[in-house]
Amino acid sequence: MQAVKRILVVIDPTQEEQVALTRASLIAGFIECELHLLVCEDRQDYSDLLARLRVEQDAKGVRCSVTQDWHHNLTDTICRAVTREGCDLVVKQHRPDNPLRKALLTPDDWKLLRYCPAPVLMVKTGDSWLKGNVLAAVDVGNHDDQHHILHDTIVSHAADIAEMVGGQLHLVSAHPAPMLSSADPDYQLKERIAADYLEKAGQYTDQYGIDAAHLHIAEGPADFLVPDVASKIGASVTVIGTVARKGLAGALIGNTAEVVLDQLGSDVLVLKPEDTLAHLESLLEK
């Protein structure tokens, strides 16, 4: 989080309370970075609103710039602004889509998680993070290099946030059910699978001093376990990873970050592998 120098805050002019701005302003105060406020709209002029919000941030000692813009859709507008303004993090309020609409169309926030060339913090509430629990969600059983780097990034960011707010760091990882047909005997017994995941999680518990009571390894799908653990520990923010998906696979499969977004009651920080971010940036430049 300390590497963040500029935060893009998506302002929703239909909302009286700007919870995304409140959260971004507090983060900016901690890490001493700038804010850029963006209204994604072309049907009405919101310069007065942006001017007022800018004055309010100036009074708090937070450096702030503002724009109103629109490029075809919400996701394109935000992604272009991220590149143009040189932002390292996007903060946006998340409001769940209508279930029928979600069944027919990919939600805007899902698209943003897939294609944004910067980490995205989806703000769910205005509750304080101070002294709260921070949950890092990883899959320690995934061995490929890209996911390994992503998991390191997730836990590192979660640890930074926990230190920043004086909170407690927790780690969750879901493991698969035993499979008698598996060629690996270690995956035929539940106890062996759990022991294997606990051993692999040890690199994080050792490096970040995560207490055993704060390590949550259990059988089941991640999109069920992560919200369940976040609810039980009262997580202030959950840090999770995602990969960009395109075409039919993206429409039908999605990924854990997208699926749990509406289920989590806490704020959600979504990260991507660095090479994925670089690829998205190159696409935007074209």
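# A guided tour, starting at C87

Select C87 to begin: this cysteine is buried, with a relative accessible area of 8%. The model open in the viewer is a predicted one, and the tour returns later to the confidence of the prediction. While C87 is still selected, one may ask how far its sulfur is from the closest cysteine sulfur. The closest one belongs to C116, and the 9.3 Å between the two sulfurs is too far for a bond. A disulfide is a covalent bond between the sulfur atoms of two cysteines, and the count of disulfides here comes to 0. C64 is another cysteine to look at, and this residue is buried too, with a relative accessible area of 10%.

**The whole protein**

Now zoom out to the full protein, whose 286 residues include 50% that are buried. Colour the model by secondary structure, and the view will show 11 helices and 10 strands. Among contacts between residues at least 6 apart in sequence, 76% join residues at least 24 apart.

Next, colour by pLDDT, the predictor's confidence in each residue. The mean over the protein is 84, and 81% of its residues reach 70 or more. Select residues 246–254, where pLDDT stays under 50 and where the model has 10 contacts beyond four places in sequence. Where pLDDT is low, the predicted coordinates should not be read in detail.

**The nonpolar cores**

Select I7, V9, L35, L37 and L121, which touch the most other members of the largest nonpolar core, a set of 52 residues. Which helix gives this core its largest share? That helix is α6, residues 145–165, with 9 residues in the core. A second, separate core has 35 residues, and among them are I78, A118, V268 and the C87 with which the tour began.

Keep I7 selected and show its surroundings: apart from neighbours within four places in sequence, I7 is in contact with A24, I27, C33, E34, L35, H36, C87, L89 and V91. I7 thus touches C87, although I7 is counted in the largest core and C87 in the second one.

**Around R6: S65 and G86**

Move to S65, which lies in strand β3, residues 64–69. S65 is buried, with a relative accessible area of 16%. Show the side chains here, and look for two polar contacts of S65: one of 2.7 Å to the side chain of R6, and one of 2.6 Å to the side chain of H36. Leaving aside neighbours within four places in sequence, the residues in contact with S65 are R6, L35, H36, L37 and R54.

From R6, select G86, which is found in the loop between α3 (74–85) and β4 (89–93). How far apart are G86 and R6 in sequence and in space? They are 80 residues apart in sequence, but their C-alpha atoms are 7.0 Å apart. R6 and A81 are the residues in contact with G86 once its neighbours within four places are left aside. G86 is partly exposed, with a relative accessible area of 43%.

**Helix α8 and N133**

Select residues 222–233, helix α8, whose 12 residues should span 16 Å at 1.5 Å a residue; the end C-alpha atoms are 16 Å apart, which agrees. Within α8 the buried residues are L225, V226, P227, V229, A230 and I233. These buried residues pack against β6 (133–137), β7 (168–175), β8 (215–219), β9 (235–241) and α10 (256–261). Just after α8 comes G234, with a positive phi near 65°.

G234 and I233 lead on to N133, since both are on the list of residues that N133 touches beyond four places in sequence, together with Q168, H170, A235, S236 and V237. N133 lies in strand β6 and is buried, with a relative accessible area of 18%. Its side chain makes a polar contact of 3.3 Å with the side chain of H170.

**Two loops to finish**

Most residues other than glycine have a negative phi. Select E32, in the loop between α1 (19–31) and β2 (34–40), where phi is positive, near 55°. Is E32 buried or exposed? At 66% relative accessibility, E32 counts as exposed.

The last stop is K131, found in the loop between β5 (120–123) and β6. K131 has a positive phi of about 65° although it is not a glycine, and at 68% relative accessibility K131 counts as exposed.

Notes. Residues numbered from 1 in each chain as written. Heavy atoms only, no water. Core = buried A, V, L, I, M, F, W, Y, C linked by side-chain atoms within 4.5 Å. Buried < 20%, exposed > 50% of the residue type's maximum accessible area, 1.4 Å probe, protein only. Helix = DSSP H or I, 4+ residues; strand = E, 2+ residues; numbered from the N terminus. Contact = heavy atoms within 4.5 Å. Expected span 1.5 Å × (residues − 1). Polar contact = N/O pair within 3.5 Å; in protein donor to acceptor, adjacent residues only side chain to side chain. pLDDT = per-residue confidence, 0-100. Disulfide = S-S within 2.5 Å.
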